[in-house]
Amino acid sequence: MASQLDGQIELVCGVFSSDADKSIAFGKEIYLNDDRLYRTFDEMMASEARRSEEERMDFVSIVTQNNMHFAPAMSALDHGFPVIIDKPLCFTMDEAKQLRAKVKTTGLPFGLTYTYAYYPMLIQAKAMVKNHEIGKVRKIMVEYPQGWLSDKLEDTGQKQAAWRSDPQKAGISNCFGDIGTHCGHLAEYISGLKITEVLAELNAFVPGRTLDDDADVFFRMEQQAQGVISASQVAHGDENNLKFRIYGEAGALEWSNTDHNTLLVKKQGAPTQIYRTGVDHSYLHEETRLNMRTPSGHPEGYIEAFANIYRNFSDHVRQFKIHSSPDLRGTYPNIDDGFKGMALVSAVVASSANGNIWTKIKDKS
Amino acid sequence: MSSFIGIVHRVAAYMGENYVLTGGVFDIDFDKGNQFAAQLELDAARSYPSLDIFIEKELALTEEERIQVVSILTPNFLHFEMAKKLVSAGFNVICEKPITVTADEARSLEKLVQEKGVVFGLTHTYTGYPMIRQMKSMIAQGKIGRIQKVDAQYYQGWINPSIHQEEERKKVWRLNPKMSGLSCCMGDIGVHAFNLIEYTTGLEIDKVLADLDTLYPENELDVDGTTLLRMNNGSRGVITASQIATGEENNLSIAVYGDQGGLKWEQEHPMYLKHLIEGAPTQIYKPGNPYNSEFALESTKIAPGHPEGLFDAMGNIYNGVAAAIYGRPDRAGAFPTVHDGVRGMLFIEAVLSSSSQGQVWVKIS
């Protein structure tokens, strides 16, 4: 969905499941060409590489479980395809080294989806730190409580929980590998400083778990900055409550995933400032504005609201062509709503112009 | 005096250490009034059965001994008669709002206060919040420019459970015109919104266009209303008030917009005043900070970041200690004890020791 947002990227082929039949069925459902639905990633890389340069895919997106990152990524690079991949990068440090070497030798673009870092207000935070707006960094606090593994969800057959808590699939860490990595990445990304050493305590609170479901980490950074990460998957009731705070010698920044269009800018003895997203906000840094799509006061969900109207409308157009009625999912504002809107406006204008009197809405055509 | 508003007045009066509760007419039922006086260990001779006797006996005392100021906290219909008698007898008065039942009564009272030269205070409580005073100061300083729009909302839901059955409705004195006066919703809470608008802006509301609802034809007084406003500088505004906004508690808010910016405040979050500035980040003003006006700073008793509820918290601890001294049944956690002090010191020592030994686990013993 994210790849489609700007109309620059088109899905042309893929492997969509480890079950080959399911993979092909899904590809058909989204109207891909039958000859570009593949059963395995090896088949896809080889077959796409044989196509003409015009026709072949431009890059691969890898969104599999952690243990299935390395092999497809290496294969893609070997066949000359740039890669965008979910984090964590791979399963072991050894795989990471091989991948990095491969990316360097091929020179191909390689992207990692540390999603949170690219919220506009965190891009702004990074730019403000770089621009010395909070002075030299002293302290970073990153919290990431989630509650979804508070009970032993992996025993219920829930797929995500099952693989994330399985050392064979998730690797050496569950909680820290999944969400602690986001915290560490944000600390380095926004401060521009490297984490040099850590003191950690990982816990597996839910009995029977071998991998961590909770983590507390002190860290030290370059230039005497320090910080703390507290991440948990057993924080009852917390959904995805990532919060980032950074304190410098001249000010502080605070951001929360649950209110991601806001960046608080704090200076001792001055009113806290609320920075908000909006392409029209000239007080934001240029890199922030280049990473936004909507005007101020219009959160990203606004685009989804629009998308619902377009989807429901196109559903109806499709059904209209085969002379059936719209399904339940799909209403959208129609001609009657437009008419009523005009009737409302004209009644309001008449009421005011006539000296503020009750005015009937004439919504019968 | 034992009602909700009685407690608020009493605690508030003690807060500045300017008042001592000396005597009064504490209940319509003299026995209950005496019980109240005994509970507070007041001089029994100064618990009076009626206001007339109160005035007669107090005037017989020397000026040094005599009560200086009287608070009127009765149902609305009694305010005027009591205030008139007290002012005529030369007492200073603090009166709950609404000041009277009709505007004519209020004007005659104003005249009497001027003649007698007493101090008369009306408890439009919300004007006492530090951030409302800051708002008033900022508007007076021209921080938001020429005012062009005001919007005050006051939503409560407490009448909803009583309004739908006649029997229940009869129990609500505010719905009884004989006790409440001309209006319930606008008289009780709409007037707060009105007062806040005039108080903060320094403007007067010149004329109104109102739509009130009693919800049931047999219910005599309004429980909901919307009022359009024209201000004496030509600008427009609106007051929306309701006591049947189901689920709302005491949701009063005010927004004032000028040609340079806006100011917004909510009673349920009283420590935050938002200053909206075109093309710049919104600023959050909070009490006690040096950037506030002198008037707002004088109205704050505690350090920044300490909400007004701190007084309640401290009061609860004092109450807990008193209960223990009087040997009342011990409620665990009613106040921190010497043992909590020991635990605190052990904690601090362990933390220092852990850090100085190079970050190792240290037992709290």
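**Entry 1: the small sheet in chain A**

I started at strand β2 (residues 83-85) of chain A, which is joined to β3(A) by 3 bridges, the two running parallel. For the record, I take strands pairing to mean at least two DSSP bridges between them. Helices (H or I, at least four residues) and strands (E, at least two) are DSSP runs, counted from the N terminus. One register point I noted: A:Ile84 has A:Gly111 in β3(A) as its bridge partner.

Before going further, a note on what I'm looking at. This is a predicted model, where local features need pLDDT of at least 70 and side-chain atom pairs count only at pLDDT 80 or more, while totals for chains, interfaces and linings use all residues. Residues are numbered from 1 along each chain as its sequence is written, chains are lettered from A and ligands numbered from 1 in the order in which they are written, and side-chain values use heavy atoms, with hydrogens and water left out.

Back to the sheet. It is open, has 3 strands in the order β1-β2-β3 (chain A), and its pairing is parallel. Chain A's β1 (60-62) and β3 (110-112) are the edge strands; each has a single partner, so one side of each has no neighbour in the sheet. I also looked up the twist: neighbouring strands are turned by 15° against each other on average, direction ignored. The axes behind that angle are lines fitted to C-alpha atoms (for helices over the stretch in contact), and angles in general run from 0 to 180 degrees between N-to-C directions.

**Entry 2: β11 of chain B and its two partners**

Which strands are joined to β11(B) by bridges? From chain A, strand β11 (residues 272-276) reaches it through 3 bridges and runs antiparallel. Within that pairing, A:Ile274 is matched with B:Thr282. From chain B itself, strand β10 (residues 273-277) is joined to β11(B) by 4 bridges, again antiparallel. Here B:Ile277 has B:Ala280 as its bridge partner.

β10(B) and β11(B) make a hairpin with 2 residues between them, and B:Gly279 in the turn shows a positive phi of about 75°. I then checked the cover on β11 (residues 280-285) of chain B: 5 of its 6 residues are buried. My cut-offs are under 20% relative accessible area for buried, over 50% for exposed and partly exposed in between, with a 1.4 Å probe and protein chains only.

**Entry 3: rings**

I got 16 aromatic pairs over all chains. Rings of Phe, Tyr and Trp (its six-membered ring) pair if their centres lie within 6.5 Å; planes under 30 degrees apart are stacked, over 60 edge-to-face, the rest tilted.

A:Phe16 and A:Phe26 have ring centres 5.1 Å apart and planes at 55°, so I logged the pair as tilted. A:Phe16 sits in the segment before α1 (20-29) of chain A and A:Phe26 in helix α1 of chain A, 10 residues apart. A:Phe16 is partly exposed at 28% relative accessibility, and A:Phe26 is partly exposed at 37%.

A:Tyr302 and A:Phe306 are edge-to-face, 5.6 Å centre to centre with 75° between the planes. Both lie in helix α10 (residues 301-321) of chain A, 4 residues apart, about one turn of the helix. A:Tyr302 comes out partly exposed at 37%, as does A:Phe306 at 42%.

I also found a cluster: ring pairs link A:Tyr116, A:Tyr119, A:Tyr144 and A:Trp255.

Next, charges over rings, where NZ of Lys or CZ of Arg must be within 6 Å of the ring centre and within 35 degrees of the ring normal. The charged end of A:Lys126 sits over the ring of A:Tyr189, 4.6 Å from its centre. In chain B, I noted B:Lys136 over the face of B:Tyr199, 4.4 Å from the ring centre.

**Entry 4: backbone oddments**

Where is the cis peptide bond in chain A? It joins A:Lys87 and A:Pro88, with omega about -5°. A:Pro88 belongs to the loop between β2 and α4 (93-106) of chain A. In chain B, a cis bond joins B:Lys97 and B:Pro98, with omega about -5°. B:Pro98 is placed in the loop between β2 (92-95) and α5 (103-116) of chain B.

Last, positive phi outside glycine. A:Asn356 has phi near 60°; this residue follows α11 (335-353) of chain A and is partly exposed at 29%. B:Gln359 has a positive phi of about 60°. I found B:Gln359 in the segment after α13 (338-356) of chain B, partly exposed with a relative accessible area of 29%.
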